[in-house]
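Here are a few exercises to help you find your way around a new structure. Have a go at each task before you read its solution.

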Amino acid sequence: MLRNYDTKHNYNFSNKVYDKLISLGKIKAGENIYTMADEVHLELVDAEAKKAGIYQNRQLAMLAYRDENIEKQWQNRSNADNFGPVLGSKRQFFRAWG
């Protein structure tokens, strides 16, 4: 059975941009954040990033990065950027995320 899956990616931007997004209520301060120098690295659901206007700051996940939700659903060590192959029945179809 195919289920919808909201993909997440890391988004990188300056501390200044992060503070502005928080103050405008475009994103919420979250646990999935780390900082390096003046740059914030935040994991967000792609739909939230699009809504906040920061989708262009998306970073692609390396093959070594594993997504637990994809592993549970597909029994496949993958992530949203390095996914597949997946076999389905004749009645199923696959919709690419993005």
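Before we start, one term: two residues are in contact when they have heavy atoms within 4.5 Å of each other. Also keep in mind that this is a predicted model.

**Exercise 1. Get an overview of the chain and of the confidence in it.**

Step 1: Start with the elements. The protein chain has three helices and four strands, and from the N terminus on they run β-α-β-β-α-β-α.

Step 2: Turn to the contacts. Take those between residues at least 6 apart in sequence: 53% of them join residues at least 24 apart.

Step 3: Look at burial. Of the 98 residues in the protein chain, 27% are buried. The chain exposes about 7500 Å², and 51% of that comes from carbon and sulfur atoms.

Step 4: Check the confidence. The mean pLDDT of the chain is 78, with 82% of the residues at 70 or more. Among the elements, H1 has the highest mean, 89, while helix H3 (residues 68-74) has the lowest, 80.

**Exercise 2. Work out how the sheet is put together: which strands stand at its edges?**

Step 1: Write down the order. The four strands form an open sheet, E2-E3-E1-E4, and the pairing is antiparallel.

Step 2: Read off the ends. E2 and strand E4 (58-59) each have a single partner strand, so they are the edges, and one side of each lacks a neighbour in the sheet.

Step 3: Go through some pairs. E1 and E4 pair over two bridges; Asn10 has Gln59 in E4 as its bridge partner.

Step 4: Add a helix. H1 packs on the sheet and touches E1, E2 and E3, its direction making about 110° with that of E1.

Step 5: Move to the other edge. E2 and E3 pair over four bridges, and Met36 has Glu39 in E3 as its bridge partner.

**Exercise 3. Find the odd backbone angle in the turn: what is the phi of Ala37?**

Step 1: Locate the residue. Ala37 lies in the loop between strand E2 (33-36) and E3. These two strands form a hairpin with two residues between them.

Step 2: Read the angle. Phi of Ala37 is near 55°, a positive value in a residue that isn't glycine.

Step 3: Put that in context. Most residues other than glycine have a negative phi.

Step 4: Is Ala37 buried or exposed? Exposed means over 50% relative accessible area. Ala37 has 83%, so it counts as exposed.

Step 5: See what reaches this turn. Asn15, in helix H1, contacts Thr35, Ala37, Asp38, Glu39 and Val40, leaving aside its neighbours within four places in sequence. The C-alpha atoms of Asn15 and Asp38 are 5.7 Å apart, although 23 residues separate the two along the chain. Asn15 has 23% relative accessibility, so it is partly exposed.

**Exercise 4. Describe the largest nonpolar core: which element gives the most to it?**

Step 1: List the members. There are 11 residues: Tyr11, Phe13, Tyr18, Leu21, Ile27, Val40, Leu42, Leu44, Ala49, Ala52 and Ile54.

Step 2: Sort them by element. Strand E1 (8-14), helix H1 (15-23), strand E3 (39-45) and helix H2 (46-52) each supply at least two. E3 gives the most, with three residues.

Step 3: Zoom in on one member. Beyond four places in sequence, Tyr11 touches ten residues' worth of surroundings that include Val40, Leu42, Leu44, Ala49 and Ile54.

Step 4: Compare with the general pattern. In soluble globular proteins, nonpolar side chains tend to be buried together.

Key:
Residues numbered from 1 in each chain as written. Heavy atoms only, no water. Core = buried A, V, L, I, M, F, W, Y, C linked by side-chain atoms within 4.5 Å. Buried < 20%, exposed > 50% of the residue type's maximum accessible area, 1.4 Å probe, protein only. pLDDT = per-residue confidence, 0-100. Areas by Shrake-Rupley, 256 points an atom, 1.4 Å probe, with all protein chains shown as cover. Pairing = 2+ DSSP bridges. Axes fitted to C-alpha atoms, helices over the stretch in contact; angles between N-to-C directions.
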